[in-house]
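Got your viewer open? Load the model, hide nothing for now, and follow along stop by stop.

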Amino acid sequence: MLVNIQSELDRLCVETGTVIKYNEPMANHTSLKIGGRAQYFIEAGSLDFMSKFLKYRSDDAQMFALGGGSNILFSDQGYDGYIICTKGLGQIREIGDLASDEIMIEAEAGVMLQGLLKYVKDRGYTGIEGLSGIPGTVGGAVYGNAGSYGCEIGGLVREVTVINKDGVIRDISKNADTESGLTFRYRGSNISEDALIISTKIALKRDSSERVTDKIKEIFEKKKASQPIDQRSAGCVFKNPQGDYAGRLIEQSGCKGLNNGGIFVSNTHANFFINKGGGSCNDFLILMDKVKEIVFKNFGVELEPEIKIVTSGNVRCGRINL
Ligand SMILES: Cc1cc2nc3c(=O)[nH]c(=O)nc-3n(C[C@H](O)[C@H](O)[C@H](O)COP(=O)(O)OP(=O)(O)OC[C@H]3O[C@@H](n4cnc5c(N)ncnc54)[C@H](O)[C@@H]3O)c2cc1C
């Protein structure tokens, strides 16, 4: 049975120019460099592949959409099923003018967010400069409503095109009048976990290229000074609780430098956990539990994860070095 699935998949991948890897270590595809082997790792380079694959696949194995892997903690035990990485969908198009000072662009899911920033800066389109320095793809950013410095990508998105697990393609627009429209919340959206984002329409305003460039630079410099951007992390581990900052609560609880195995609470920004080498998913989860417990004891605040945790029956054991 497995042999049949593999030969069918191989045939489809050759036909559509798609890369497939079997038993691929997820550590190769996450910014934390953590994660066991995925049974099937597919770098979807075209919509043609995705719709054929989703319509005709003959098994019901689970599926996970992956962008740049910069917001993910992946299980050490790996993943039984399909990882569909959308990084190969990398086109940006201009759709046209919305008003005299507004422009609509369409970015495919695999466009790197920093590539999109370069595109808009070269043309003098303003609105997303606050996303300067955020790694990962447009698909991941839209799914999780990535944001910083008062800018969230969801605020600019007008429409997303998704493909569901049966291969049906659908546009979902923001529509204030219906409940079925696209909505965003703090670090999230109502896009179904079963859907793969293919592309996104974003509305921007016109400005001068110099002003946009300066703002992008300014924000990047601030991030460089306050975040461990050159180390292995997945960005902020916990969401900010209402009216406060998870980083402040963790720092004031004395957790900076706390570690479990190879995973450390960053000394630069306490809401970033760093893999200094050899750290596992299990090490990370234990450290998260410990930090949550300490913050709750000190402030009575229950921290919630911001990173997406993809585990299969995680075993939590180990020792925390205080
Ligand atoms: C140094 C550093 C700094 C960071 N700073 C910030 C910051 O300032 N603000 C912020 O919000 N985040 C930040 N992050 C976190 C991360 O970069 C963002 O959340 C980013 O938008 C994730 O995009 P990705 O492509 O890497 O998504 P992934 O990590 O690959 O996936 C994240 C989620 O999106 C889903 N997803 C990905 N692609 C698709 C798709 N095509 N269709 C459907 N679902 C999809 C995945 O299933 C998963 O649930 C930072 C991370 C690092 C390492």
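The tour goes from the whole chain to its domains, then to the ligand site and finally to one helix.

**Stop 1: the whole chain**

Keep in mind that you're looking at a predicted model. Show it as a cartoon and colour by secondary structure: you should find seven helices and 19 strands. With a radius of gyration of 20 Å, close to the 20 Å that the globule rule gives for 322 residues, the chain is as compact as a globular protein of that length. Draw a box along the principal axes, and the C-alpha atoms fill roughly 60 × 55 × 35 Å. Colour by burial next, and 41% of the 322 residues come up as buried. If you like contact maps, take the contacts with a separation of 6 or more: 67% of them join residues 24 or more positions apart.

**Stop 2: the domains**

Now give each domain its own colour: select 2–85 for domain 1, 92–226 for domain 2 and 229–322 for domain 3. How far apart do the C-alpha centres of domain 2 and domain 3 lie? Put a distance between them and you get 28 Å. Zoom in where these two meet, and you'll find six residues of domain 2 in contact with five of domain 3. On the domain 2 side, the touching residues split into one nonpolar, two polar and three charged.

**Stop 3: around the ligand**

Centre on the ligand and bring up the 32 residues around it; Gly67, Gly136, Gly139, Gly140 and Gly235 come nearest. Then highlight strand S3 (63–66), helix H4 (138–144), strand S9 (147–148) and strand S15 (196–206), the elements that each give two or more residues to this shell. Which of them gives the largest share? That's H4, with five residues. Colour the shell by class and you'll count 14 nonpolar, 17 polar and one charged residue.

**Stop 4: helix H7**

Last, select residues 281–299, which form helix H7. Its 19 residues reach 27 Å from first C-alpha to last, close to the 27 Å expected at 1.5 Å a residue. Turn on side chains for the buried positions of H7, among them Cys281, Phe284, Leu285, Ile286, Leu287 and Met288, with Val291 and Val295 further along. What covers the buried residues of H7? Look for helix H6 (246–252) and strands S4 (72–74), S16 (259–260), S17 (263–265) and S18 (273–275), which are included in that cover. Finish just past H7 at Gly300, where phi is positive, near 65°.

Notes. Residues numbered from 1 in each chain as written. Predicted model: local features only at pLDDT ≥ 70, side-chain atom pairs only at ≥ 80, totals over all residues. Helix = DSSP H or I, 4+ residues; strand = E, 2+ residues; numbered from the N terminus. Rg over C-alpha atoms; globule rule 2.2 N^0.38 Å. Buried ≥ 20, exposed ≤ 12 C-beta atoms within 10 Å, placed from the backbone. Contact = placed C-beta atoms within 7 Å. Expected span 1.5 Å × (residues − 1). Near = placed C-beta within 6 Å. Nonpolar A, V, L, I, M, F, W, Y, C, P; charged D, E, K, R; others polar. Domains from an automatic or database assignment.
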